[in-house]
Each structure stands twice: as structure tokens, then as C-alpha cells.
Amino acid sequence: MDIIDVTIRESVYLKRGMTEEKALIYLKEYVKLMPFKEVRDVEICFLDNLKQGTLLYNEEYIRSCYEIVNERFGLVAVLHPDLVDLNKWNPDVIKLFRTVRFMINKPINAHTEEIIDYLHALGVEVSLNVIYLTLKDESFVLDCLKIAEKHLVERFCFADSCGGCTPTMVRKWVDYIKLHNSNIALNFHFHDHMRLALANAAVCFDDVDIIDASIYGLGKGGGNLNLEAVVFAERKTKGIDITQSEVVSYGQLLYFLMDHIFEADWMTSLENYKNLLIGLYDCNLKEISSIEEKSGGNYFEFYKLISQK
């Protein structure tokens with residue numbers, strides 16, 4: 001299962017939200033510290049003018065992101081197709097993206113199909129992202145799948161924008177896709193309003209190709225699927241090892257993001273990461289006390305010690 005890290009794009013909604021300047025600083029550390037091989041792509045911006053603000057179509061920013069990450073990660077952008085003017089795009093910039101994702105909230109029109117063909121001509125993968133999934137019915141999804149098949153769209157994403165999906169609903173849509181278009185790569189984007197994002201992800205570990213997640217679950221509303229939690233949960237389920245270097249490096253990345261980028265409460269985030277590791281390694285109270293004593297209150301020393309267990 002591949003992961004699209006949506007931390008940058010989703011964190012524009014935070015109080016101390018992401019900007020192009022912050023994103024470039026962050027990405028330089030990100031390529032050094034992100035330890036998880038599951039992370040394939042990084043979503044960095046919108047390609048439309050949905051609102052005045054940050055992370056919109058900015059050629060200099062896109063080129064800079066590409067130069068930083070291209071040896072390790074692909075770039076992903078998202079757009080609202082009705083707000084796109086193709087005449088304003090520079091194809092040499094657009095083709096730096098591995099994938100461009102369309103937010104689909106109403107029937108797909110000819111303009112949207114034109115954008116799909118434009119991107120494919122540049123060698124860019126396309127994803128149709130059905131947003132507000134809990135408000136959509138099967139006929140709407142089937143119409144989108146027909147367009148996907150017509151244009152050989154590579155990815156199809158169900159986006160739980162309201163955060164109201166349950167595991168039963170997730171299984172329903174997984175089975176629906178298998179029935180109607182088993183060749184397309186299946187992607188889910190979960191929000192965590194009902195604290196079901198990880199449970200929703202867990203029921204499709206063996207069926208989904210791609211899943212969206214953000215560091216510490218940062219994102220709009222109730223937040224997104226927590227990246228560290230979904231990696232650990234899938235690996236624990238499948239018996240895949242997690243190395244000490246992965247545990248520590250991710251903790252360092254989390255600290256950098258919270259302290260240096262958002263100037264936020266890094267101690268709470270590191271404490272929550274510590275608790276996640278306690279669950280991962282099945283530590284009892286005696287073991288926790290012993291590790292805490294040996295670490296002397298240093299979170300990174302705690303991470304090293306617990307990952308030796």
C-alpha cells in the first residue's frame with residue numbers, strides 16, 4: 001500500500017497554516033528524515049484559484065519543490081476543475097507532477113475531460129477524487145467510473161470529506177470498485193471527525209492501492225488519517241518490522257514540523273507519538289516505567305529504547 005502524504009496541502013487550514021516559504025523549509029528536512037518506504041508522493045498545492053491565499057498555482061514554488069524531492073518522492077497537486085484555465089498553465093511546470101487529482105463533487109463535464117486529456121498528453125497521471133463520499137450514491141460513482149474508463153484514468157479516490165464514513169461503508173465502496181473497474185488504482189482519503197479514520201483504513205489494507213495520510217493527522221476539521229498510525233498499524237497487522245532508525249527519524253521529523261514550521265505544542269505531539277509506540281510494542285506498565293527512568297525524560301532516548309524491545 002502506497003501513501004500520499006497530504007500534510008503540506010491539508011495544513012493550509014490550520015491556525016498557523018502552511019505557506020510556500022514554510023513548505024520549502026520543511027521539504028528539505030522531510031527528504032532527509034521521512035523514513036517510511038510506504039510514502040510515495042507528497043501533495044504540495046492546488047492548481048486553481050479556489051481562494052486567495054497560499055499553495056495555489058505558483059511556478060517558482062512548484063519547480064523548487066520538484067528539485068528538493070524528485071529523487072525520493074513524486075509531486076501531487078489537487079484542483080477543482082471548474083476553476084482551471086488551461087491557458088494559464090505552463091506545460092513544462094505541470095509535467096513535473098506525477099499525479100494531478102480532481103475534486104469531483106458534481107457530474108463531470110467536457111471541460112473536466114479536456115483537462116484529463118491535457119494532463120495525459122504531458123505524461124501526468126490523473127486521479128478522480130469523489131469528495132463528500134457519504135453524500136454520494138452509486139449512480140454518481142458509476143458515472144465517474146465510466147469517464148475514468150473512457151479516458152484511461154489511472155486512479156480513483158473516495159474522499160470522506162465529512163469524516164462520517166464507517167468501516168462498513170468503506171467495504172461497500174471497495175467491493176463496488178472491484179465489481180465495476182478492477183483495473184483502476186483505488187485510493188481513499190479519510191478525515192477523522194468521528195475518530196474512525198484508522199479503523200476505516202484498516203478494513204481495506206489488503207484491497208487499497210493508495211491511501212492519503214498526514215503527519216500527526218494534521219488537516220482540516222477533525223484532521224486526517226494519522227500517517228504514523230496507519231504505517232504502524234499495517235506493519236503490525238502484516239508482521240513487517242519497524243526499525244529503530246525509522247522510529248527515531250520519524251520522531252525528529254514530527255518535532256521539526258511542530259516546533260520549527262508551526263511553532264506549536266511539540267511536547268504534546270511527541271507525547272502522543274510515545275503513546276503510539278507503547279501500543280505498537282505492547283509495553284506493560286513495568287516496562288514503560290523502566291524505559292522512562294532510563295531515558296531521563298528525553299523523548300528521543302525513549303524512542304530508541306522502546307524500539308529495542
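Contact here means heavy atoms within 4.5 Å, and the views below are taken from a predicted model.

**View 1. The packing of helix H10 against helix H13.** Gln244, Val247, Val248, Gly251, Gln252 and Tyr255 of H10 are in contact with Phe300, Tyr303 and Lys304 of H13. Sorted by class, the residues of this contact between H10 and H13 comprise five nonpolar, three polar and one charged. The two helices, H10 spanning residues 244-261 and H13 spanning residues 299-306, pack at an angle of about 160°, and their axes lie 8 Å apart. Because angles over 145 degrees count as roughly antiparallel, H10 and H13 are described as roughly antiparallel to each other, and their crossing is right-handed.

**View 2. The barrel and its strand order.** Eight strands, taken in the order S1-S2-S3-S4-S5-S6-S7-S8, close into a barrel with parallel pairing. Averaged over this sheet and with direction ignored, neighbouring strands are turned by 25° against each other. In general, the strands of a sheet pair through backbone hydrogen bonds, either parallel or antiparallel.

**View 3. Strand S4 between its partners S3 and S5.** On one side, strand S3 (residues 74-79) pairs with S4 in the parallel sense over four bridges, and the bridge partner of Val78 in S4 is Arg101. On the other side, six bridges join S4 to strand S5 (residues 125-130), and these two strands also run parallel. Within that second pairing, Ile104 has Val130 of S5 as its bridge partner, while Arg101 stands opposite Ser127 of S5.

**View 4. The two faces of strand S4 and their burial.** In a regular strand the side chains alternate between the two faces of the sheet. Thr99, Arg101 and Met103 point one way from S4, whereas Val100, Phe102 and Ile104 point the other way, and all of them are buried. Since six of the six residues of S4 (residues 99-104) are buried, this strand is largely enclosed by the rest of the structure.

**View 5. Helix H9 with the strands it crosses and with helix H11.** Helix H9 (residues 227-238) lies across strand S1 (2-5), strand S2 (39-46) and strand S8 (210-213), and runs at about 175° to S1. The axes of H9 and H11 come within 11 Å and cross at roughly 5°, which means that H9 is roughly parallel to H11. On the H9 side, Glu228, Ala229, Phe232 and Lys236 meet Tyr273, Leu276, Leu277, Gly279 and Leu280 of H11. By class, this contact of H9 with H11 has six nonpolar, one polar and two charged residues.

**View 6. Two loop residues with positive phi, Leu152 and Glu263.** Most residues other than glycine have a negative phi. Leu152, which is not a glycine, nevertheless has a positive phi near 55°, and this residue lies in the loop between helix H6 (138-150) and strand S6 (155-160). Because residues over 50% relative accessible area count as exposed, Leu152 is classed as exposed at 68% relative accessibility. Glu263, likewise a residue other than glycine, has a positive phi near 50° and is placed in the loop between H10 and helix H11 (266-280). With a relative accessible area of 59%, Glu263 is also exposed.

Notes:
Residues numbered from 1 in each chain as written. Predicted model: local features only at pLDDT ≥ 70, side-chain atom pairs only at ≥ 80, totals over all residues. Heavy atoms only, no water. Axes fitted to C-alpha atoms, helices over the stretch in contact; angles between N-to-C directions. Parallel < 35°, antiparallel > 145°, perpendicular 65-115°, else oblique. Left-handed = near helix turned anticlockwise from the far one by under 90°. Nonpolar A, V, L, I, M, F, W, Y, C, P; charged D, E, K, R; others polar. Buried < 20%, exposed > 50% of the residue type's maximum accessible area, 1.4 Å probe, protein only. Pairing = 2+ DSSP bridges.
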